[in-house]
Amino acid sequence: MPTVFQKDYPLDTLNTLRLPGRARRFAEIVSAGQLVELVRGGGLTGERFFVLGGGSNIVVSGDVDATVLRMCIPGRELVASDDDAHYVRAGAGENWHEFVAWTLEMGWPGLENLALIPGTVGAAPIQNIGAYGLEVGECIHSLEAVDLRSGTLVSFDREACCFAYRDSIFKQDAANRFAVTAVTFRLPKRWLPILRYADLAREMSSRGIVAPRPAQVMEAVIAIRQRKLPDPAVIGNAGSFFKNPVVSVERCKKLLEFNPDMPHYPQPDGHEKIAAGWLIEKCGWKGHADGPVGMYEHQALVLVNMGGALGTDVLRVVASVRRDVVERFGIALEMEPVVL
C-alpha cells in the first residue's frame, strides 16, 4: 500500500515524556511490505528519518526536521513448537505489555519479568529492555527487519543482534539502518521462575508464595513497578532514564571505601554494576525539581515532566544530574533515551 505522509505532525501525544514538537513529515507503517515499497520507491532518499515505536525511550528536543515513521505493524502468533520451546512471533507495532500478558494467557510463559514495561515489541530488542533479572535478548530467537538503505527484508538470529546491557547492534553498527518489523521469541516449555532480583524475591516472600506460577510472577512485577514508577498516563516520564554504570572491581572497591552502603552487583564478565538511582539520590536529586522537570520522589532514576516541560528543560536537568554525579562519585551517567 502507498505510504501517506502528513506534514508538520504533532509528537506530544506520541512520546511518554509528553514533550512538544512537530515532525516535518510523518507516516504510520502497518506492514513490512509497505516499508519495503517506501524505501525502494525512493521515499526516504536524501531524507533524515527516525523510526518511532511507543515513544517511551525518546526525548523530543523540539521540532524535528525529519521524516518520522511510526511502526504500527500488528500480529501475534505461535509459529513453531519443539520438545523444548514455543516460538511466538509478534509484529513490531504490538504493545509490549499486552503481548507479554497474552503469552501467559496462552500458556507460554517466559516474559513475565518484563511485564508493564512501556513501548512496543519492535523497540524491545533495540534497547534490549530488561527488568527484575531478565533481559529480552535472552528470550529472542530471531527478528525480521527492513534495510532502510536497500529496501530488503533481513533476518537476524539472536547472536547477530549482539545483545548487551541496554544495547544491541541496532544501537551500534546498525544504528539507523534497520527498522525491526517482527520479533520471534523462544519461550521454554520447562519454565522456571526467575526470582534472583532482590525486590522480586521479597515481594514473593511477603505474599507467602514459595513456588510461584507465571501469572503470580507477573502480578508481583506489576505491583513492584506500580509502587516505584509513575504511570506515564498520569505523570510524563520515560521510565528509568539513566543506565546503571558498570565499573571495574578495583573502581568499585575504591567507591565502597567511602560509600559502604552503595548497592553493587557482580557481573558475569568480572565487572560490577552500580545502581544509578542510588548515586542520583545521594546527590540530592530524589524528589528534587528544576522548573517543570525533576527526578521522581519514589525512584530517583526516573526523570519526570511535571507539566509543561520542553525538551530543553529535560536536557538541562539531565546535564545537572550528570554533573553532580561526576563531581561526587567520578562516574559519568549515560542516558537510556534517544534525543530526537
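Student: Which residues of helix 1 are buried in this structure?

Tutor: The model is a predicted one. In helix 1, which spans residues 32–40, the buried residues are Q34, L35, V36, L38 and V39.

Student: What do the buried residues of helix 1 pack against?

Tutor: Their partners are strand 2 (22–29), strand 5 (64–71), strand 10 (140–147) and strand 12 (178–188). After helix 1 comes G42, whose phi is positive, near 85°.

Student: Why is N259 called buried?

Tutor: The relative accessible area of N259 is 12%. Buried means under 20%, so N259 is buried.

Student: Where does N259 lie, and what does N259 touch?

Tutor: N259 belongs to the loop between helix 6 (249–258) and strand 15 (264–266). Leaving aside residues up to four places away in sequence, N259 touches W278 and F329.

Student: Why is no disulfide assigned to C139?

Tutor: The closest cysteine sulfur to that of C139 is in C161, 13 Å away. A disulfide requires two cysteine sulfur atoms within 2.5 Å, so the sulfur of C161 is too far for a bond with C139. C283 is in no disulfide either: the nearest cysteine sulfur, that of C252, is 16 Å away. The count of disulfides by this rule comes to zero.

Student: Why are C139 and C283 called buried?

Tutor: C139 has a relative accessible area of 7%, and C283 has a relative accessibility of 18%. The cut-off for buried is under 20%, and therefore both C139 and C283 count as buried.

Student: What makes strand 6 and strand 11 edge strands?

Tutor: Five strands form an open sheet in the order 6-7-12-10-11, with antiparallel pairing. Strand 6 (76–81) and strand 11 (153–157) each pair on one side only, and they are the edge strands. On average, neighbouring strands of this sheet are turned by 25° against each other, direction ignored.

Student: How do you know that strand 7 and strand 12 pair?

Tutor: Pairing requires at least two bridges. Strand 7 (residues 85–91) and strand 12 have seven bridges in the antiparallel sense, so they count as paired. One bridge joins H86 to its partner L187 in strand 12.

Student: Which strands do helix 1 and helix 2 meet?

Tutor: Helix 1 lies across strand 10, strand 11 and strand 12, and runs at about 35° to strand 10. Helix 2 (residues 96–105) packs on the sheet and touches strand 6, strand 7 and strand 12. The direction of helix 2 makes about 45° with that of strand 6.

Note on methods
Residues are numbered from 1 along each chain as its sequence is written. This is a predicted model: local features need pLDDT of at least 70, side-chain atom pairs count only at pLDDT 80 or more; totals for chains, interfaces and linings use all residues. Side-chain values use heavy atoms; hydrogens and water are left out. Helices (H or I, at least four residues) and strands (E, at least two) are DSSP runs, numbered from the N terminus. Buried means under 20% relative accessible area, exposed over 50%, partly exposed in between (1.4 Å probe, protein chains only). Contact means heavy atoms within 4.5 Å. Axes are lines fitted to C-alpha atoms, for helices over the stretch in contact, and angles run from 0 to 180 degrees between N-to-C directions.
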